[in-house]
Amino acid sequence: MGIILLKEIFLMNAFFNSSIEPDTLLPLTSDVVFKEVLGQEESKPILMGFLNDILDMNITSPQQITLLNPELNPEYIDDKLSILDIRVQLQDHTSIDVEIQVIDQHNIEPRALYYVCRLCADQLQKGDDYTQLRPAIGLNLLCFNLYNDSEYFQSFILKDKKTNSEYPNYLEISFLELFKGVSELTRTKTSDPTNFIHALSGKDQWILFLATKNKEVQQKLAENNTTLHAAYERLTTVSSDEKLRILALNREKALRDWNSSIHYAEQHGKEQINKLNQRLLTDNRFDDLKRSISDPDFQKQLLKEYRLEK
């Protein structure tokens, strides 16, 4: 055991460098798998523990949770840019939306704000009184790093700029950067993995359980945490479903293809701009070069002029 095993267990591979192999557990970083493990009626006890640990809630019974979208809608599954979320309403009518996002589309902050505002707006029907509004919480699990610091869980609420006093708790947006969490948790730990896992908070245990691709880690976490044990058992069952395995694999392939196409487009775009800049320099069009840097429309015009447009 010791340091060597710790490194073997916790070293992470990026999502797009992996593939779903036969006879392995499906990755919980797949939104299809995540929704199937935590977002079904029979998995509400697991979801209850998850929400309590991650959001510091005090849900005491699965019956206090109503799932608003337990189905896997084929329309969204076929759309590689859609996110399969878990939307719930608690007994006190608090609304929660949980998303796991693999690809950085560079829009997660405005997207998260939009969805939590929509959660809030959807609570009222025409003619309802505004006093019926209840808290709306957006929890975003990210498979990429969003902020350039070591904090892997950040939760935002409304506050007064001057006094820092909190606005009534109607909106809350949280980001959990999974791979950054794994990196930070394992970077500072050098003891035996068993003792290391025991010392983790419930939130940190969930981070490792969700983000690791090592079955042994998940087993160790499940041994001493009843909620994670139930999650592991359900993940094992879900992973034996051949139709879901194919669905998860196709979903991963679509995301991988999209990511590759975006990378190619970015690289191709850079090559076009470099060619344009070189042509402008060759033609001594220095003023046009300077203007093109700050004026996208003019840059497009020049690309068309030099027949470098896509």
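The paragraphs below go through the nonpolar cores, the strands, the aromatic rings and the cysteines of this predicted model.

The largest nonpolar core has 56 residues. Within this core, Phe-50, Leu-141 and Trp-206 have the most contacts. Helix H3, which spans residues 44–55, gives the most to the core, with seven residues. Phe-50 shows what such a position is in contact with once its neighbours within four places in sequence are left aside. Its partners are then Phe-34, Leu-38, Leu-55, Val-98, Leu-139, Leu-141, Trp-206 and Leu-210. In soluble globular proteins, nonpolar side chains tend to be buried together.

Two of the contacts of Phe-50, namely Phe-34 and Leu-38, are among the buried residues of helix H2. This helix covers residues 31–38, and because eight of its eight residues are buried, H2 is largely enclosed by the rest of the structure. The buried set in H2 is not restricted to nonpolar side chains: Asp-31, Lys-35 and Glu-36 are included, along with Val-32, Val-33 and Val-37. Phe-34 also belongs to an aromatic cluster, together with Phe-50, Trp-206 and Phe-209.

A further core lies apart from the 56-residue one. This other core has 13 residues, among them Ala-112, Cys-120, Tyr-147 and Phe-175. Phe-175 is in strand E6, where it is the bridge partner of Gln-154.

Strand E6 (residues 171–177) is mostly covered, with six of its seven residues buried. E6 pairs with strand E4 and with strand E5. With E4, residues 136–142, the two strands run parallel and are joined by seven bridges; in this pairing, Ala-136 stands opposite Leu-171. With E5, residues 153–156, the sense is antiparallel and there are four bridges. In a regular strand the side chains alternate between the two faces of the sheet.

How many aromatic pairs does the model contain? The count comes to seven. In one of them, Tyr-114 and Tyr-115 meet edge-to-face, with 5.5 Å from centre to centre and 85° between the planes. Tyr-115 counts as partly exposed, at 23% relative accessibility. Tyr-147 and Phe-156 form a pair with ring centres 6.2 Å apart and planes at 55°, so this pair is tilted. Its two members differ in cover: Tyr-147 counts as buried because its relative accessibility is 17%, whereas Phe-156, with a relative accessible area of 36%, is partly exposed.

Charged side chains also sit over rings. The charged end of Lys-203 is placed over the ring of Phe-153, 4.8 Å from the ring centre. Arg-291 lies over the face of Phe-298, at 3.9 Å from the centre of that ring.

The cysteines come last. A disulfide is a covalent bond between the sulfur atoms of two cysteines. How many disulfides are counted here? The count comes to zero. Why does Cys-120 not form one? The closest cysteine sulfur to that of Cys-120 is in Cys-117, and at 7.1 Å this is too far for a bond; the cut-off for the pair of sulfur atoms is 2.5 Å. Cys-120 counts as buried, at 12% relative accessibility. Cys-143 is buried as well, with a relative accessible area of 8%.

How values were computed:
Residues are numbered from 1 along each chain as its sequence is written. This is a predicted model: local features need pLDDT of at least 70, side-chain atom pairs count only at pLDDT 80 or more; totals for chains, interfaces and linings use all residues. Side-chain values use heavy atoms; hydrogens and water are left out. A nonpolar core is a set of buried Ala, Val, Leu, Ile, Met, Phe, Trp, Tyr and Cys residues joined through side-chain atoms within 4.5 Å. Buried means under 20% relative accessible area, exposed over 50%, partly exposed in between (1.4 Å probe, protein chains only). Contact means heavy atoms within 4.5 Å. Two strands pair if DSSP finds at least two bridges between them. Rings of Phe, Tyr and Trp (its six-membered ring) pair if their centres lie within 6.5 Å; planes under 30 degrees apart count as stacked, over 60 as edge-to-face and the rest as tilted. A charge sits over a ring if NZ of Lys or CZ of Arg is within 6 Å of the ring centre and within 35 degrees of the ring normal.
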